[in-house]
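Visitor: I'm new here, so could you walk me through this one and tell me how each label is earned?
Guide: Happy to, let's take a look together.

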Amino acid sequence: MAVHYTIIPSNPAGHIFSVAIRISKPDPAGQIFSMPAWIPGSYMIRDFARNVVSLKAESDGIDIPVHKQDKQTWLCDPCGGELLISYDIYAWDLSVRTAHLDGTHAYFNGTSVFMRIAGHEQQSCTMDVLPPEGRQYKNWKVSTAMTTDGATLHGFGRYTASSYDELVDHPVECGDFTLATFEVAGVPHDIVITGRHRADMNRLCRDLKVICQHHIDLFGELPEMDRYVFQVMAVGDGYGGLEHRASTSLICKRDDLPLEKDADTVTEGYRQFLGLCSHEYFHTWNVKRIKPVHFVDMDLQQEVHTNQLWAYEGITSYYDDLSLVRTGLITPESYLELLEQTVTRVWRGSGRLKQSVAESSFDTWTKFYKQDENAPNAIVSYYAKGSLLALSVDLLIRKHTSGEKSLDDVMRLLWQRHGRTGIGTEERTIEEVISEVAGADLSDFFEACLYGPEDPPLEELFANNGVQCRFRPSAGLSDKGGKSGKTDDQLLATVNLGVILAAGNTVKLAMVMEAGPAMKAGLSAGDELVAIDGIRVDKAGFESILHRYMPGDSIEIHAFRRDELSVFSVVLEPAAADTCELSVITAQLVSRWLGLEM
Ligand code: ZN
């Protein structure tokens, strides 16, 4: 093989992987090699070269001088024979985007550990994964969707990839993990869980199989692969996932995983976990194969900009939960509750009136992925509002075709034209396919709601499908949307400060909403509230103190900014009508939209 990689978790206690790359025919003019700056699916410059330690190059036992070209690129002096590059990687970031190594496991994405060898990117390469030394690691196994080339299933040894791009798209987990396998479309699917947990593996296999089958039926086929892997890291607190061509890496709370004694109960945490698995598996088609033209042979050295993430993340976010209700894993009531929460999340941020979803996609590198305390006032999420655009498009297609067609037909066409062929979608392709399926020109909708900051006409679209959508004032800090259990008069008497609190027991402001009572009074994110009208407040008593007041009342708040105590005079206001409540009016119409048996 022209390029051969070897990786070993050489020092688990020091979080060090040792990597060696053997290049049989290096560039006679001097070999250039580099580390990626980002990982596909997570649109932020992470500069993986920052974790490279003590790099050297040799040929025939002789050291070859190496010259740094920029933050992530190196150049070797010319050498006659085979070139061997070796270096260490510091790996101590517990996330699905990077690499993490200690005595309990070794996890890595190729983008965090493997150099790209210039001129050899399109050639196939091999990778040896070796176990750490020591008896305590004797039970370690290997999980990856990469094709084996001598390694036994789930074993250390040699694997192969058809290009550098493929090499870095198969994350690898090594350790004494829990493993269960189920089969869908004739392809084995592994679920691998790292971390301490007591999850019901049979239940997970059963439920994930239903989701996988739904997505395969939707697109018509599973893309060609030997095996698919759900790689899960169970932790005390965490949430996230990253899609790959034949696997996904997930991080979740161990409490979100189902227990045997839960029987068929779907807890809120498990519903979220199933939604995450569904989301990442949907990406197997939507973004890993159907992809923006800019993501074909993508440049991992710098930002790649596109307006299209509303479709790749928004449509995926729409289907992740929709497939749970379609397959009966959750009830229609539970699904509407998830929709109420998404709509409420979007409606509560005034940033949605300033940034369009297309701009949010384009600027994701510097805004969505670098959110600060001002985010709700300045930006909109192409996931959340993108999923509402997908919902709107689905309902618009159904309206224009009298229920004959839906977004499903769009996804199938995109799969046939762009997924199977590998032809990337241009900036307007997906919108054109949507209009084609709808048999109507929907460009006015896209101009207003995708390229402009307008809200989609949800009330009208829901009404067409048997659901009443109304916006009411929030009932308090824990109100995420849905039925409040309060009368309209009670809601109108509820006061609102216009803040989001930080985690913890103190009343610390995480975010201050634009033009809300707190901002008008001069309060700021980071301020810690200690007293209201001279009475001490803590997190537990905060809402009951506010409950004593009516809109229009003026209160005095004592708060620390850093270590300085100040007093703020706040005029309380009623909460804005930004909380979504959905009610089923015509069950038959809802069943038709959700594809349920009647
Ligand atoms: Zn996604």
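Guide: Let's begin with a glycine: just after α3, Gly-220 takes a positive phi of about 100 degrees. A quick word on the model: it is predicted, so local features need pLDDT of at least 70 and side-chain atom pairs count only at pLDDT 80 or more, while totals for chains, interfaces and linings use all residues. Residues are numbered from 1 along each chain as its sequence is written, and side-chain values use heavy atoms, with hydrogens and water left out.

Visitor: How do you know that the span of helix α3 agrees with what it should be?
Guide: Helices here are DSSP runs of H or I with at least four residues, strands are runs of E with at least two, and both are numbered from the N terminus. The expected span is 1.5 Å times one less than the number of residues. Helix α3 has 19 residues, 201–219, so it should span 27 Å, and its end C-alpha atoms are indeed 27 Å apart.

Visitor: What makes the link between Asp-200 and Asn-202 at the start of α3 a polar contact?
Guide: A polar contact needs a pair of N or O atoms within 3.5 Å; within protein, one must be able to donate a hydrogen and the other to accept it, and residues adjacent in sequence count only if both atoms are side-chain atoms. Here a side-chain oxygen of Asp-200 comes to within 3.2 Å of the backbone nitrogen of Asn-202.

Visitor: Why are His-279, His-283 and Glu-313 called donors of the zinc ion?
Guide: Donors are N, O and S atoms within 2.8 Å of the metal (3.2 Å for Na, K and Ca); water is not among the atoms, so sites may look incomplete. The NE2 atoms of His-279 and His-283 and the OE of Glu-313 lie 2.0 to 2.1 Å from the zinc. Along the chain, their spacing reads H-x3-H-x29-E. His-283 sits in the loop between α4 (268–282) and α5 (309–326), and Glu-313 in helix α5, 30 residues apart.

Visitor: Why is His-283 called buried?
Guide: Buried means under 20% relative accessible area, exposed means over 50%, and partly exposed is in between (1.4 Å probe, protein chains only). His-283 has 0%, so the label fits. Glu-313, at 1%, is buried too.

Visitor: What makes β10 and β16 a pair?
Guide: Two strands pair if DSSP finds at least two bridges between them. Strand β10 (residues 105–108) and strand β16 (residues 172–175) are joined by 4 bridges and run antiparallel. One of the bridges matches Phe-108 with Val-172 in β16.
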